[in-house]
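Open the structure in your viewer and keep the sequence panel visible. The tour below goes from one selection to the next and says what is there.

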Amino acid sequence: MFTDYHLHLRPDEGGTTFERYFTSENVERYLAAAGAAGIEELGVSEHVYRFRQALDLWSHPLWVENATDDLDAYCEFVRATPLRLGIECDFVPGAEERTAALLEARDFDYVVGSVHFVGEAAVDHEGWDVWEGRGDADEVWRRYFEALAECARSGLFDILAHPDLVKVWGRARPLPERDPRHYYEPAVEAIAASGVAVELSTAGLRKPVGELYPSPAFAEMCVEAGAPFALSSDAHLPAQVGFGYDRALEFLADIGVEEIAVFARRQRRLEPLPAGVGENR
Ligand SMILES: [Zn+2]
Ligand SMILES: [Zn+2]
């Protein structure tokens with residue numbers, strides 16, 4: 001089976017666009033793209049910070065600027081479509097209980113946990129760039145993977161999104177001097193302890209780094225630790241649904257992964273991966 005769970009129905013930019021993109025016509029476009037790519041399980045996972053309710057978790061200026069939509073209207077809309085209902089929820093240190101309350105009050109099929117920030121600065125957002133004025137790559141990577149470990153260990157999430165997002169800019173930002181496996185280690189330990197599924201995301205192929213998330217070394221460490229994998233494109237447009245799945249499939253085969261995690265109402269099961277992919281993928 002193929003899934004595409006970590007998926008957005010709209011671009012990240014553009015302000016209040018809920019009514020424009022959360023329409024049955026737009027969902028149809030995503031479903032058609034999924035059909036062409038041979039994806040049976042399609043789900044949506046909007047960013048938590050697009051919802052007013054997220055301001056209970058954090059009041060970062062970027063969140064305040066973006067928190068315009070209603071989370072319950074989103075859940076209601078998605079439940080009336082064939083899509084699985086997910087959410088991409090940032091791990092906010094110190095807000096674990098409020099995060100649990102927000103998530104448990106809704107009937108999500110799965111929750112994708114992500115780390116986009118190291119402290120107040122973002123690893124993937126130019127407006128809040130962690131690299132501005134600083135730039136000790138070893139320190140940034142250490143802090144990023146420590147946050148990822150905390151995210152996994154929190155037990156709040158079903159899937160750990162784009163696990164090495166810190167590499168998103170590739171050579172356009174400083175790279176650590178130490179072997180990255182040194183930084184992966186605490187995160188992989190936490191992944192093993194928590195049982196969270198690790199996302200293989202093709203989104204990195206569309207970013208300056210030009211690689212899948214996570215790196216082969218990180219993925220191999222996860223396999224050794226017995227972690228299950230989930231598969232997603234992190235699409236923000238219908239044309240990105242199932243993007244790069246041929247590469248993903250090859251990657252998973254190379255590290256000996258033959259099954260992926262499938263979710264319904266936050267219950268996980270493992271399903272075998274198909275041998276081939278749909279057209280143009
Ligand atoms: Zn993300
Ligand atoms: Zn995303």
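Start by selecting Gly 256, which comes just after helix α9 and takes a positive phi of about 80°. Keep in mind that this is a predicted model.

**Helix α9**

Step back into the helix itself and select residues 245–254, which make up α9. Which residues of α9 are buried? They are Tyr 245, Ala 248, Leu 249, Phe 251 and Leu 252. These buried residues cover an arc of only 160° around the axis, so they lie on the same side of α9. Now turn to the face that points away from the buried side: there you find the exposed residues Glu 250, Ala 253 and Asp 254. To see what covers the buried residues of α9, show β1, β8 (197–201), α8 (216–224), β9 and β10 (259–264), which are among the elements that do so.

**The sheet**

Next, display the strands of the open sheet. Seven strands run in the order β1-β2-β3-β4-β7-β8-β9, with parallel pairing. The edge positions belong to β1 (3–4) and β9 (229–232); each has a single partner strand, so one side of each has no neighbour in the sheet.

Inside the sheet, select residues 41–47 for β2 and residues 84–90 for β3. These two strands pair in the parallel sense over five bridges. For one residue to look at, pick Val 44: its bridge partner in β3 is Leu 85.

**Helix α4**

Select residues 71–79, helix α4, and colour its buried residues: Leu 71, Tyr 74, Cys 75, Phe 77 and Val 78. They cover an arc of only 165° around the axis, which puts them on the same side of α4. What do the buried residues of α4 pack against? The partners are α1 (18–21), α2 (24–36), α5 (96–104) and the two strands you have just seen, β2 and β3.

**The zinc ions**

Now select the zinc ion (ligand 1). Its protein donors are Glu 88 (OE), His 116 (NE2) and His 162 (NE2), at 2.1 to 2.2 Å from the ion. Two of these donors link distant parts of the chain: His 116 is in the loop between β4 (110–114) and β5 (117–118), while His 162 is in the loop between β7 (159–160) and α7 (181–194), 46 residues apart. Along the sequence, the spacing of the donor residues is E-x27-H-x45-H.

Are the two histidines buried or exposed? The cut-off for buried is under 20% relative accessible area. His 116 has 6% relative accessibility, so it counts as buried. His 162, at 3%, counts as buried too.

Add the zinc ion (ligand 2) to the view. Glu 88 bridges it and the zinc ion (ligand 1), and the two ions lie 3.6 Å apart.

**Backbone details**

Most residues other than glycine have a negative phi, and most peptide bonds are trans. The last stops are exceptions to look up one by one.

Select Tyr 213 and Pro 214, which are joined by a cis peptide bond with omega of about -5°. Pro 214 lies in the loop between β8 and α8.

Then go to the loop between β10 and β11 (267–272) and select Arg 265. Phi of Arg 265 is positive, near 45°. Arg 266 is found in the loop between β10 and β11, and its phi is also positive, near 65°. With 26% relative accessibility, Arg 266 counts as partly exposed.

Key:
Residues numbered from 1 in each chain as written. Chains lettered and ligands numbered in written order. Predicted model: local features only at pLDDT ≥ 70, side-chain atom pairs only at ≥ 80, totals over all residues. Heavy atoms only, no water. Pairing = 2+ DSSP bridges. Helix = DSSP H or I, 4+ residues; strand = E, 2+ residues; numbered from the N terminus. Buried < 20%, exposed > 50% of the residue type's maximum accessible area, 1.4 Å probe, protein only. Arc of directions from axis to C-beta. Contact = heavy atoms within 4.5 Å. Donors = N, O, S within 2.8 Å, 3.2 Å for Na, K, Ca; no water.
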